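Open the model in your viewer and keep the sequence panel visible. The tour below goes from one selection to the next.

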Amino acid sequence: MKKWISYVGVLFLSIGLLLGCSTDSSEQNNSNTRVSTNESSQELAEDEVRITISIDHGTEHVNEKSISIEEGDILLNVLEENFFIESDDSDFITSIERVEASDEEKTAWMYTVNGEMATVGAGDYELSPGDEVVFDLQSWE
């Protein structure tokens with residue numbers, strides 16, 4: 001009987017340790033949370049755009065999604081609907097997926113569309129199906 005109780009005790013202790021060590025990424029509130037989907041090798045559907053979030057010219061991958069849009073959808077609106085975005089009063093993006101730009105570190109979110117640096121803010125950019133958008137946190141110095 002004592003042997004059986006010992007086995008049950010070890011089983012419960014093991015389960016408790018496993019549950020205590022695991023974390024649900026949706027419950028984390030860490031400014032450096034990284035989420036990744038592996039969609040880069042997939043072809044885009046006719047009504048989709050691909051948005052990639054990275055750091056330091058793509059050396060660190062944060063997230064990537066293929067998203068269905070309608071012609072003329074505004075990039076900032078699509079971002080806000082599909083990612084965790086924070087911006088200031090002028091729609092200047094300050095954080096994507098809880099990764100923040102920093103004045104102290106002189107970093108900012110820059111973006112390209114189809115490999116070309118954007119000439120307007122995300123609040124003014126009209127998406128077209130097939131666009132490949134990359135937001136990258138990089139030094140502005």
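How many bridges join β3 to β4, and do the strands run parallel or antiparallel? Three bridges join them, and the two strands run antiparallel. Keep in mind throughout that this is a predicted model.

**Stop 1: the three-stranded sheet**

Select β3, which covers residues 85-87, and β4, residues 93-96. Show Ile 85 and Ile 96 as sticks: Ile 85 stands opposite Ile 96 in β4. Next, colour the turn of this hairpin, where five residues lie between β3 and β4. In that turn, pick Asp 91, which has a positive phi of about 65°. As background, most residues other than glycine have a negative phi.

Add β5, residues 99-100. β4 and β5 run antiparallel and are joined by two bridges. Label Ser 95 and Glu 100, since Glu 100 in β5 is the bridge partner of Ser 95. β4 and β5 also form a hairpin, this time with two residues between them. Glu 97 sits in the turn with a positive phi of about 55°.

With the three strands selected together, you have an open antiparallel sheet in the order β3-β4-β5. Its edge strands are β3 and β5, each of which pairs on one side only.

**Stop 2: the whole chain**

Clear the selection and show the protein as a cartoon. Two helices and eight strands make up its secondary structure. Followed from the N terminus, the elements run α-β-β-α-β-β-β-β-β-β. Of the 141 residues, 29% are buried. Switch on the surface: about 9400 Å² is exposed, and carbon and sulfur atoms supply 49% of that area. Contacts between residues at least 6 apart in sequence can also be sorted by separation, and 57% of them join residues at least 24 apart.

**Stop 3: the five-stranded sheet**

Now select the strands of the other open sheet, in the order β2-β1-β8-β6-β7. Its five strands have mixed pairing. The edges are β2 (60-68) and β7 (116-117), each pairing on one side only.

Within this sheet, focus on β6 (residues 107-113) and β8. Seven bridges join the two strands, which run antiparallel. To check the register, pick Val 113 and its bridge partner in β8, Val 133.

**Stop 4: the salt bridge**

Which residue forms a salt bridge with Arg 50? Select Glu 132 and draw the distance: the closest N and O atoms are 3.4 Å apart. The pair links distant parts of the chain, with Arg 50 in strand β1 (residues 48-55) and Glu 132 in strand β8 (residues 132-139), 82 residues apart. Side chains of opposite charge can pair when their charged atoms come close. The structure holds one salt bridge, so there is no second one to look for. The two partners differ in cover: Arg 50 counts as buried because its relative accessibility of 5% is under 20%, whereas Glu 132, at 36%, is partly exposed.

**Stop 5: Gln 138 and its surroundings**

Stay in strand β8 and select Gln 138. Is this residue buried or exposed? Gln 138 is buried, with a relative accessible area of 13%. Leaving aside neighbours within four places in sequence, show what Gln 138 is in contact with: His 57, Lys 106, Thr 107, Ala 108 and Met 110. For a backbone distance, pick the C-alpha atoms of Gln 138 and Glu 105, which are separated by 9.6 Å although the residues are 33 apart along the chain.

Two of these contacts deserve their own selection. His 57 is found in the loop between β1 and β2. The phi of His 57 is positive, about 60°, although the residue is not a glycine. With a relative accessible area of 59%, His 57 is exposed. Lys 106 lies in the loop between β5 and β6, and its phi is likewise positive, about 55°. Lys 106 is partly exposed at 31%.

**Stop 6: the largest pocket**

Finally, select Phe 92, Trp 109, Tyr 111, Gly 121 and Ala 122, which lie nearest the centre of the largest pocket. The full lining has 15 residues, and the pocket volume is about 250 Å³. Which element gives the most to the lining? Strand β6 does, with three residues.

Conventions
Residues are numbered from 1 along each chain as its sequence is written. This is a predicted model: local features need pLDDT of at least 70, side-chain atom pairs count only at pLDDT 80 or more; totals for chains, interfaces and linings use all residues. Side-chain values use heavy atoms; hydrogens and water are left out. A salt bridge is a side-chain nitrogen of Lys or Arg within 4 Å of a carboxyl oxygen of Asp or Glu. Helices (H or I, at least four residues) and strands (E, at least two) are DSSP runs, numbered from the N terminus. Buried means under 20% relative accessible area, exposed over 50%, partly exposed in between (1.4 Å probe, protein chains only). Contact means heavy atoms within 4.5 Å. Accessible areas come from the Shrake-Rupley method with a 1.4 Å probe; for residues, only the protein chains shown count as cover. Two strands pair if DSSP finds at least two bridges between them. On a 1 Å grid over the protein atoms alone, a cavity is a set of points where a 1.4 Å probe fits but cannot get out, and a pocket is an open set with protein on both sides within 12 Å along at least five of seven lines; lining residues have an atom within 4 Å of a point. Grid points are joined across faces, edges and corners, and a volume is the space filled by probe spheres set on the points.
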